[in-house]
Every structure is written in C-alpha cells, then in structure tokens.
Amino acid sequence: MKRTVFLCGAILSAGLFAGNAMAQTELSMWYHGAGNKVERSIIVGIINDFNASQSDYTVKLEEFPQAAYNDSVTAAALSKKLPDILDMDGPNMPNWAWSGYLQPLDIPESKLANFLPGAIGKWKGKLYSVGLWDAALAMFARKSVLEENGIRIPTLDKPWTKDEFDGILAKLKATGKYDYPLDLGMNDKGEWYPYAFSPFLESFGGDLVDRSTYLTAEGALNGDNAIAWGNWWQSLFQNKYAPGTSESPSDQQTGFLDGKFALQWNGNWNAVKAMDKFGDDMLFLPAPDFGHGPKIGAASWQFGVTSESKHPEGAAKFIEFAIQDKYLAQFSDAIGLIPATSTAAALTKNYAPGGPLASFFDLSKAQATLRPVTPGYTFISPTFIKVAADIADGADVTDTLDTAVDSINADIEKNDGYGFKN
Amino acid sequence: MSKRTRTTSLERHDLTGWLMAGPMIFLIFMFLVLPFVLGFVFSFTNQRLVSPNPTQFVGMSNFEQLLGAGILVRQPETDANGVLKRDANGDLEYQSIRSYTRNNPDYPQYEGMKEFAGFDWGDAKISFVVRDLVFVKALLNTLAFVIVVAPVQGGLALLLALLINQKLKGMNLFRTIYFMPVVMSIVVVALLWRFIYAGDHGLLNSILGFLSLGAFKPVDWLGNAHTALWSILGMSVWQGVGFHMVIWLSGLQTIPVSLYEAAEIEGATNWQKFRFVTWPGLRNTAVLVLIVITMQAFALFAQVDVMTKGGPLDSTQSIVFQAVQRGYVKQDIASGSAISVILFVLVLSISLVQRYLTRERT
Amino acid sequence: MARNKTPSKLNIALRYTVLVLVALVFIFPVVFMLMSSFKPDDQLLRDVSSIRAFLPIGDISLDNYFAAFERAPVATFIFNSVLVTVVTVGAALFLGSMAAFSFAYLNWKGRDFIFSIILATLIIPFETIAIPLLLEVNNLPWISAQGFTIGWLNSYRVQIIPWIGDGLTIFLFVQYFKDLPRELIDAARVDGATWFQVYWRVIVPISGPVFATAAILKFLVMYSQQYLWPLLVTQSEQYRPVMVGLQYFFQLNVAWGEVMAYLSIITVPVLVFYLILQRAFIASIASTGIKG
C-alpha cells in the first residue's frame with residue numbers, strides 16, 4: 001500500500017514538475033538513527049513524499065549514529081557546518097537554542113493543538129522543535145507473578161504508594177525465585193539515568209534544579225525531599241532489590257524475559273518484545289507515587305531548524321509536512337513509540353483505544369514531566385548521572401547531593417544564569 | 001666495532017638538516033603544538049564549547065578550582081562553661097565539616113571544599129580538604145595506575161618475550177596469539193571484558209568457580225570500589241602486553257650468543273645468565289618500553305569510558321576521563337584544557353626526572 | 001637460551017604446556033567474540049555466563065554477518081579506514097624516518113631544542129587538543145579541482161594530514177639510528193653520496209625492524225583507535241571509518257550478535273597487516289645483531 005502511494009507520488013511529481021524551469025532549493029537534514037533500518041525507511045519515505053509534493057525544495061538526508069550524534073552536532077556548530085533541519089533529543093533543545101544553533105520554528109499553533117506535551121519543544125515562549133512521537137516508561141510486570149504473590153495491580157488513578165512498593169519488592173525478594181525483584185537498567189550510564197530516574201526524585205518532591213528561577217539547585221536537589229529520595233534509592237541496592245551500576249549488559253536485555261527479574265522499569269520501545277514473549281500475561285504498570293504524584297519522563301527526539309539555514313520557511317514546511325498523522329502512525333507501528341497525537345494513535349495497531357499499548361498513551365498524557373527546560377540541562381544531566389550512580393554505589397547521600405548542587409550552581413554562575421538573570 | 005668518528009660532529013649541516021626534518025617539524029607544530037597552545041590559552045579563560053556569552057580572561061581561576069586545597073582543624077565542642085561536650089558513647093563532639101564548607105561566611109576559604117583525608121591530633125580533628133575532590137581522586141588514581149602498570153606490564157612482557165624466545169617449533173603461532181589482543185582496539189576489548197567481569201553471571205567468575213570446584217565466591221569486579229581500578233588495569237595489561245613483548249624480543253636478539261656461551265663455560269645458572277648477560281644488554285630497550293607504557297598509562301581513558309564511567313565511587317576516575325567529561329560532556333572547555341595543562345606539566349616533570357636518573361647511570 | 005644441553009622430552013612437554021596455558025589466556029576473549037558472532041542475540045546473552053560462550057553450539061549461522069552488512073555500509077567503513085591508515089602510515093614512516101635521520105646524524109642549529117619539544121608532544125593526549133584542532137582545520141585553505149577553498153572538514157585529508165606528524169615515530173627511529181655503526185655513513189660520504197642518498201640507500205635498507213615496529217604501532221593507532229576525530233570532522237557517511245561505524249550497532253537494544261560479527265570483520269585487516277610484518281619482525285631478530 002505504502003509503496004504504491006509513494007510510487008504514484010513519484011510519478012505524479014515526475015510528470016507534473018519535470019519540465020519546471022524553477023531551480024529547486026536543496027535542504028540538508030540530519031537524523032540520529034544511522035544503523036536503524038526501520039527508521040531509515042520511514043524517514044526516507046517522508047522525504048520522498050515531501051520532495052514529490054512540491055517543487056520548491058528537495059530534502060537531502062544524512063544519518064548519524066545516535067551515540068555520537070550530539071558530538072557531531074556540536075562540532076558542526078563550532079565549525080559553522082550545520083544543516084538546515086536536524087533532530088535533537090528534547091531536553092537538549094534549550095541549550096542548542098540558547099547557544100544559537102537553532103532558530104524558532106514557524107509552524108502555526110493550530111497544527112499542534114492535539115500534540116502530547118512531551119512532543120513539543122518550547123524555550124522562552126517560542127516554539128523550536130516538534131516531535132513525531134514521545135516515549136514513555138512503565139513498570140513491566142507479569143499478571144501471573146503479581147497474582148501468585150497477592151500483589152494489587154495498580155491503576156493510573158490508584159498507583160502503588162511508596163510503602164506499598166517497598167513491601168512488594170521485599171515480598172518478591174523473599175520468594176527467592178528471582179535474582180532481583182526489580183531491574184532498573186543501571187548499566188546504561190547515559191541519558192537513561194535522568195530520563196528514567198529523575199521522575200522518581202520529582203515524585204518524592206525534589207527536583208534537579210529550582211524551576212521557579214532556574215538559577216539554583218539549592219533546596220531542590222539537596223532538600224529534605226531529595227534526601228528522602230536518595231535514601232530510598234540507596235536502599236534499593238543495599239537490600240539487593242535491584243542490580244547496581246555494574247550490571248551486565250546481557251542481564252538488562254534478557255533478564256526480565258528470562259524470569260531473572262520480577263519487575264522491570266523499561267521503555268515502551270521494548271514493549272513489543274515483551275508482549276511477544278508473555279502475551280496476555282504482560283502488564284505495563286504506571287509509576288509508583290512517592291508522595292507528590294506518579295511521574296515519568298517526557299520528550300523524545302524532535303525536529304527543528306538551525307540558525308544557519310538560509311531557507312527556514314522551507315525547513316519549517318518540511319517539518320509541518322512530516323507531522324501528519326499518517327507518518328506519526330507509521331513510526332509508531334514500526335518502532336513501538338507513542339504517536340504524538342490522539343488522532344494518530346487511533347490509526348495505530350498498538351495505541352488505538354483498546355489496543356495493547358493504549359495504556360502508554362494515557363501514561364504519557366497523565367504523568368509525563370519534562371526534564372528541566374534550561375540550557376544548563378547539558379550540565380545537569382551528567383551531574384545527575386553521577387549522583388544516581390554514586391548513591392547506588394553507597395556514597396553518603398547528603399554529601400553527594402550537596403556536591404551536585406554546588407557544581408550545578410557554579411556552572412549556572414559561570415554561564416551568567418543561562419539567560420534567566422533579568 | 002662501533003667506534004665513532006668525532007670529526008663529523010664538528011661539521012654543520014644547517015640546510016640539509018632542516019630540509020630533512022622540516023616536513024615532520026612543520027606537521028607537528030601545525031597539528032600538535034599549535035592546538036595545544038590554543039588549549040593552553042583556553043585554560044586561562046572561561047571559554048565554553050559553545051555559548052552566546054563573551055569569553056573572558058579569568059587568570060588562574062580554573063587551576064585554583066581544580067587544585068585548591070586547605071587544612072581544616074576542628075576543636076571539640078564545648079558547652080557554655082567551657083566543658084567538652086560528649087555524646088552518649090562518651091565520645092567528643094565536633095561540628096560537621098559540612099557546617100564549615102557550606103554557606104558559612106566565617107570561613108570563605110573553605111567554601112565548597114570536601115574532605116579528602118583526615119586524622120586526629122590530640123583532641124582536634126585535622127582534615128585535608130580539597131576544592132575538587134573528583135579531580136584529586138582522578139589524579140591519584142592515574143598515578144597509582146601508572147606506578148603499578150609500568151613494572152607489571154613491562155615485566156610480564158619481558159617474561160613473555162623470554163618464553164617466546166625459546167628455540168621450539170610453532171613459535172610463530174604463539175607469538176601471533178600473544179599479539180592478538182593488541183590487534184583488537186581497546187574499545188572493543190573493553191566491551192568484551194564487561195561481559196567477562198560481570199558480577200552476577202560473568203565469565204570470569206564462572207571460570208574461577210569452575211577451576212576452584214565452586215570454592216570461589218563471585219566478585220563484582222567492576223562494581224566494587226576496591227577491585228574496579230585493578231580490574232581495568234588487568235585488562236589493560238592483557239591488551240597491551242603483546243606489543244611490549246615484541247619490543248623486548250627485538251632487544252633480546254641484540255645480545256651476542258657468544259656471551260651466553262662464555263657464561264655457560266663459567267657454570268652460570270639460568271638466573272645468573274639473566275642477571276649478568278641478558279639484563280645489562282636490555283637497558284636501552286627497557287628505557288623505551290618504560291617510556292611508552294608510561295605515556296599510554298597517563299592517557300587512560302577508553303577503558304574507563306566504556307567500562308565504568310569513573311565509578312563506582314570515583315574509584316576509576318582518570319585525568320583524561322575528567323578532561324573529556326568537563327570539556328565535551330559538560331561543555332566547559334576551559335576547565336578541560338586546564339586539566340590537560342596540568343597533565344602535561346605533571347608528565348613533563350616526571351619524564352625530566354626519569355631522564356635525569358637514566359642519564360646518571362650510563 | 002640453554003642451547004647446548006638437549007632438553008629432555010619432559011622438559012619440552014612442560015614448556016609447551018606453559019606456552020599453551022598462556023596462549024589460552026590471550027585467546028579466550030577472541031574466541032568468545034568469534035563464536036558469539038555466529039549466535040542469535042538471545043542465545044549469545046544466555047551463553048555468556050558459561051563455557052558455552054567459547055563453543056560453536058546451539059543455533060549457529062552467518063545471519064549476524066548478513067545483518068551487519070545490511071545495517072551499515074561495512075565495506076565503505078573498512079575501505080575508508082584502510083585508505084586513511086595506509087596513507088598516514090606510509091607518510092609517517094617516510095617523513096618520520098627522514099626527520100629521525102636528521103636528528104640522529106646531522107648537526108644543525110636548533111636541533112636539540114626542537115627534539116625536546118617533539119619529545120614533549122608525546123605527552124599530549126589527543127582528546128585534550130581535539131577542539132582547538134577542529135577550529136584550526138576548519139580555517140585551513142586547500143587547493144583542488146574546485147579551486148581555492150577554506151576548511152578541511154568532511155574529507156579524507158582532514159583524517160590523514162594532522163596524524164602524520166608524530167613524535168613517537170621519530171623517537172623510535174632516532175633510538176634505532178643512534179645504534180647503527182657510523183662507519184657505514186662515513187664510507188658512503190667519502191664516496192660522494194649526498195645526505196639524502198645516505199639515508200635512502202644506506203640507512204633505510206638496514207632498518208627493516210624499526211620500520212616494522214613503527215608501522216604496526218601507527219597502524220593500530222590509525223585503524224583501531226580513530227573515533228573522536230572522525231566524529232568531529234566528517235559529516236557524511238562516505239568518509240566514516242570503522243570505529244564510528246561500530247556505533248551503528250548500538251541502538252536502544254544492542255544487537256550484540258551483529259556487534260560481534262562486525263568486530264570480527266574489522267579485525268581482519270589488522271591481522272593481515274600484522275602477519276605481513278611478521279617477516280620483518282623476524283628480520284629484526286637477525287639484523288639487529290650489529291647493535292652489540
């Protein structure tokens with residue numbers, strides 16, 4: 001089906017515009033998914049459709065491996081070699097906008113009305129980026145395991161509380177059937193940490209930085225609530241409820257599926273695999289509520305226009321073209337991510353109302369929390385990675401949090417408040 | 001045989017000398033010295049990787065941030081009558097270090113410092129506090145790494161070279177096998193060894209358990225602050241030893257067989273032959289091996305980046321890892337440059353001492 | 001060493017036992033890599049904790065290799081790496097040995113000062129100069145078919161030229177040249193040879209071993225360790241080398257089987273290069289006798 005549509009488009013464009021004398025403007029575009037065949041085929045599909053749909057612009061794609069993407073973009077920005085369009089991981093957007101890599105994105109608000117909040121990137125009141133999907137985390141579990149141990153299945157309205165969750169972990173641990181009751185994916189010491197774990201901190205009432213001013217982390221990251229989070233976090237590893245920072249990469253990938261872990265804190269991009277294995281027994285549960293509401297991270301990859309683009313209107317046109325529901329649905333079906341709009345969700349296999357992953361769409365709408373929207377996030381993120389790893393490894397909680405606050409504050413000071421002073 | 005004619009050294013070859021060395025000198029100045037000088041300049045500014053804020057000259061501030069240190073003396077607390085306060089166990093009470101180093105206007109010199117080490121002196125507690133605890137740890141870890149890895153790797157490489165230098169069949173095969181890890185990149189090797197060192201289902205633990213018939217208790221090699229650095233060191237030695245074996249091997253060939261024959265006639269033991277014939281003949285090779293290992297060890301980065309990211313509890317932080325963390329990840333290129341300047345000065349002074357010591361002997 | 005006494009059979013068996021045991025220590029991760037490359041991910045990750053990791057058992061196939069070629073332009077990456085490496089190694093050996101000749105034998109103004117600066121550059125870890133170097137090469141001129149251009153990014157030359165100058169290569173050669181008998185040079189000079197002729201006709205032919213050592217060292221740096229720099233200076237896939245290519249396999253779910261297959265493939269060129277140089281290493285063993 002898709003192919004015929006595309007072919008028709010191509011033939012149409014060839015027929016209609018082949019004789020067009022007007023020179024087409026080339027727009028270069030960077031994407032982080034090198035090595036991912038499925039993403040590539042969809043992106044190329046969108047680009048071909050776009051190129052065929054109008055005669056002013058042709059978009060040309062260059063892909064980068066994800067692990068190296070940010071470094072490549074930074075290097076290009078330093079040497080003034082940025083493309084017209086690029087995609088970025090949501091929380092990096094403010095830094096790139098502040099540093100001057102990006103220019104505001106000219107897409108009418110009306111087009112974005114139905115979008116999940118996590119798919120829209122705004123900085124200082126201006127739109128800079130928009131995503132075709134969001135990701136969401138859930139507690140992967142098996143109905144049979146929960147029932148066997150008399151554990152209540154939580155709902156969005158009534159999630160597990162902290163005490164309940166601790167009790168569940170203790171109970172599962174006591175069965176002796178599992179290597180660990182819970183897996184958190186601690187071996188992946190990268191953006192996974194703030195994405196997956198800082199929402200716990202926020203649910204405890206702490207935060208990475210004081211979001212009322214964005215000028216200090218004092219009180220937010222080392223206040224009583226944050227210390228409570230730190231103590232709880234440390235207890236998970238001291239009680240051997242979850243594998244620590246030295247977890248083997250193999251365990252994280254297969255442990256839950258092999259039954260070594262009873263629960264796993266995991267992303268929806270792994271949901272399809274788990275459903276294939278456990279079928280109806282598979283559950284995707286909301287995050288526990290640690291006192292200030294259940295929370296999960298928001299914002300995934302989004303598209304924006306760089307400051308070096310000489311044709312921002314064309315670049316915006318392409319992005320506007322790409323955020324059509326049908327493409328959102330294609331991405332979702334292919335890689336399991338949450339489509340950014342409810343109308344697109346209805347078109348998908350998994351997220352349509354009643355679909356097997358529909359709960360993720362609701363999760364994302366109800367609990368998704370953005371990571372701090374500040375250019376300083378680039379510094380906050382590695383700082384939090386170290387905090388979460390060190391506390392898990394047994395470091396003194398208060399000391400570790402104080403050190404992190406000091407270094408975040410020093411960084412904010414060094415950067416003259418990242419534009420928040422005035 | 002190698003009698004040297006002294007007259008030639010009086011001849012001058014300014015033009016030819018420059019012409020022959022010129023291309024290489026130009027390239028090194030262009031692509032090593034110049035960027036290093038630029039980085040040196042960065043280290044005295046507040047330069048960011050990318051930032052809309054103007055770059056300013058900040059003097060030595062980056063170095064003070066990295067190397068700032070002080071000594072904090074805490075006297076036991078007394079009550080209103082000047083009597084020493086004691087807690088429930090009868091121990092003296094002290095104000096916490098945190099109360100001095102955080103938001104205490106009376107002690108601005110300690111602001112933000114952390115305790116690195118401490119000891120008791122009478123009733124007083126004396127603490128060595130540093131401004132950047134992570135960097136100080138990185139510095140000490142790297143030094144420890146260098147001090148251990150240089151003799152261990154050099155020594156093992158020599159043993160392997162002696163082993164492979166026997167006149168037996170199939171030595172080509174063994175030499176190739178011993179060289180295999182060198183051929184694989186350190187990043188690749190570090191990836192593989194994460195599986196091998198894993199604590200819960202790791203290969204090394206399984207093998208040790210199997211060999212000891214289950215008596216061996218599994219160790220979380222990379223997850224334990226006491227074993228992580230040494231595990232990385234073990235892997236680094238494993239990866240690099242083959243290369244230094246080859247250097248030793250070529251050194252071994254320069255020792256005339258006649259010397260061994262003479263030693264044999266005098267009835268020397270194997271150890272005596274090594275001590276009085278082999279070792280003296282290897283002095284130049286030893287200097288080369290030592291220098292190469294030391295340089296590589298100071299640049300410790302990829303293993304840490306792939307395997308531990310400096311953890312657990314900073315036990316595997318290294319100087320270059322910190323330079324990259326700050327310069328790239330945290331975008332503070334000025335601080336990253338300052339670290340590389342410190343490293344440069346450190347290694348330069350060590351190699352000057354090394355050169356002085358080796359010069360004295362010859 | 002103990003050549004005169006004929007060792008007993010027991011002695012020989014003992015020696016081989018030691019050799020084989022040591023060989024096992026060095027080869028087990030390599031075997032692990034190779035065997036894993038034939039297994040599907042699930043099995044690979046399950047086998048990791050037991051002796052099965054070293055055995056070609058279970059569901060064995062070449063699927064990972066096909067998948068690896070499908071996922072990434074593996075041949076392009078290998079071609080790029082080999083091209084960049086061979087050109088760099090060749091240029092570094094030629095210019096480095098010539099410079100070393102000058103440092104070792106010629107007497108010129110500024111020689112000792114410059115040599116000590118070159119030795120000091122050995123200390124600079126590349127990571128710490130990458131950004132200044134990036135800013136520099138982005139402003140360098142170049143003349144090509146398209147005429148005069150500014151900026152070297154996204155090319156082969158930006159991956160080659162900055163890496164030719166290398167203090168360690170010079171140092172290796174200088175150490176070696178200093179031990180060669182001076183008479184060889186003097187004799188050639190008396191016969192009227194220029195200094196370049198002395199270098200090219202007298203010194204190079206008897207320096208096989210040091211060329212081999214320097215070549216393998218430089219090869220390893222260029223082929224197996226080039227990651228950060230190409231990442232910063234190449235924007236298009238057509239210029240990427242093997243270590244950047246490795247990142248194609250680290251998706252949200254790492255395809256470990258394909259990673260192992262890819263690693264096995266990219267190790268082949270280095271192994272071939274080493275086996276070619278084996279001869280020169282052996283030659284080194286014979287020819288360095290003149291040193292004593």
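Begin with the whole of chain A, whose secondary structure comes to 16 helices and 15 strands, and keep in mind while you look that this is a predicted model.

With all of chain A still selected, turn it along its principal axes, where the C-alpha atoms fill a box of roughly 75 × 55 × 35 Å. A compact globule of 422 residues would have a radius of gyration near 22 Å, and because chain A has 22 Å, the two agree. If you colour the chain by burial, the buried residues make up 56% of the 422 residues. Among the contacts in chain A with a separation of 6 or more, 75% are between residues 24 or more positions apart.

Next, select the strands E9, E10, E8 and E11 of chain A, which lie in that order in an open sheet of 4 strands with mixed pairing. Strand E9 (180–183) and strand E11 (282–285) of chain A stand at the edges, and because each has a single partner strand, one side of each is left without a neighbour in the sheet. From one strand to the next, the twist averages 20°.

Now narrow the selection to strand E8 (residues 137–142) of chain A together with E11(A), which pair in the antiparallel sense over 4 bridges. To see one bridge for yourself, pick A:Ala141 and look across to A:Leu283, its bridge partner in E11(A). Finally, add helix H10 (residues 271–278) of chain A, which packs on the sheet and touches E8 and E11 of chain A. Looking along E11(A), you can compare the two directions, since that of helix H10 makes about 145° with that of E11(A).

Terms used:
Residues numbered from 1 in each chain as written. Chains lettered and ligands numbered in written order. Predicted model: local features only at pLDDT ≥ 70, side-chain atom pairs only at ≥ 80, totals over all residues. Rg over C-alpha atoms; globule rule 2.2 N^0.38 Å. Buried ≥ 20, exposed ≤ 12 C-beta atoms within 10 Å, placed from the backbone. Contact = placed C-beta atoms within 7 Å. Pairing = 2+ DSSP bridges. Axes fitted to C-alpha atoms, helices over the stretch in contact; angles between N-to-C directions.
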